[in-house]
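Dear colleague,

I am passing on the structure we spoke about, and below it you will find my notes on what turned up. Please read them with the model open beside you.

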Amino acid sequence: MLITWNIEIFTCNKKLKFITNQIPIYQIKKIITISYNSIGKINYKLKAENIICNKKNELNMLNKVIIGFFDKNSSNTWLICSNYAKLNHNKILYLYGNVIINNLNSILKIQKIKTNNAQINLINQNIFSNEKVIFYGKNFISYGMKMYGNLKTKKIELINNVKTKYNIQNKIKNSQTINIECNFNYQDIYPNI
């Protein structure tokens, strides 16, 4: 069971048409959505701009999407950015354009994932991409043509034509620094990162 709080700033622009040439039910200039599980722990926090909501096909269009996922201890584990997204009524978020998945957990070997398109189930946090995917680690870069995994369990795998390049250094430095990349300002929604 998910409990979701929405903070919305409404604007109205009747000239704007939905991508499928349908008139939108309503539009939102900016939105911050916080989703909690049944015991009151935060699941995810989503921020987007210029949202177009259409009731007929139950699809929402979002721009400048930033979403953070949290673990069972309410620690932020993943920060994901994309140029735009579609959210359907089944809570599947389709991310498009420069999708960047930042790992905020310094224990994992994967620091960042880049692809052009990805799908995330917001309920169980399954993630999938059917396009070229790049994994960036501390001393490696891996390429593959597909990706499947689960953000909650922190298991993500590359599939098809996987190639890895290693950068082996003589001295290994223990650095806890995590470099976050996002095309938009995520600091107003995640100021502690």
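To begin with the interior, the largest nonpolar core in this predicted model contains 32 residues, and those with the most contacts inside it are Leu 62, Phe 69, Ile 80, Leu 93 and Phe 135. Two or more residues each come from strands E2 (26–36), E3 (42–54), E4 (59–70), E5 (76–88), E6 (92–103), E7 (110–121), E9 (133–137) and E12 (155–159), and of these E3 gives the most, with five residues.

Phe 69 deserves a look of its own. Leaving aside residues up to four places away in sequence, Phe 69 touches a set of residues that includes Asn 43, Tyr 44, Trp 78, Ile 80, Ile 120, Leu 122 and Leu 151. Asn 76 is also among the residues that Phe 69 touches, and the side chain of Asn 76 reaches the backbone oxygen of Phe 69 at 2.9 Å. Asn 76 lies in strand E5 and, because its relative accessibility is 18%, it counts as buried.

As for the overall build, the protein chain has 13 strands and zero helices. Buried residues account for 42% of its 193 residues, while the chain exposes about 11600 Å², of which carbon and sulfur atoms supply 51%. Among contacts with a separation of 6 or more, 44% are between residues 24 or more positions apart.

Charged pairs are quickly described, since a search of the whole structure finds one salt bridge. It is formed by Glu 49 and Lys 64, whose closest N and O atoms are 3.9 Å apart, and it links distant parts of the chain, with Glu 49 in strand E3 and Lys 64 in strand E4, 15 residues apart. Lys 64 is partly exposed, its relative accessible area being 39%.

Finally, a word on confidence. The mean pLDDT of the chain is 78, and 72% of its residues reach 70 or more. Among the elements, strand E8 (residues 126–129) has the highest mean pLDDT, 96, whereas strand E1 (residues 3–11) has the lowest, 44. Over residues 1–20 pLDDT stays under 50, although the model has 51 contacts beyond four places in sequence for them. Where pLDDT is low, the predicted coordinates should not be read in detail.

With best wishes

Notes:
Residues are numbered from 1 along each chain as its sequence is written. This is a predicted model: local features need pLDDT of at least 70, side-chain atom pairs count only at pLDDT 80 or more; totals for chains, interfaces and linings use all residues. Side-chain values use heavy atoms; hydrogens and water are left out. Helices (H or I, at least four residues) and strands (E, at least two) are DSSP runs, numbered from the N terminus. Buried means under 20% relative accessible area, exposed over 50%, partly exposed in between (1.4 Å probe, protein chains only). Contact means heavy atoms within 4.5 Å. Accessible areas come from the Shrake-Rupley method with a 1.4 Å probe; for residues, only the protein chains shown count as cover. A nonpolar core is a set of buried Ala, Val, Leu, Ile, Met, Phe, Trp, Tyr and Cys residues joined through side-chain atoms within 4.5 Å. A polar contact is a pair of N or O atoms within 3.5 Å; within protein, one must be able to donate a hydrogen and the other to accept it, and residues adjacent in sequence count only if both atoms are side-chain atoms. pLDDT is the predictor's confidence in each residue, from 0 to 100. A salt bridge is a side-chain nitrogen of Lys or Arg within 4 Å of a carboxyl oxygen of Asp or Glu.
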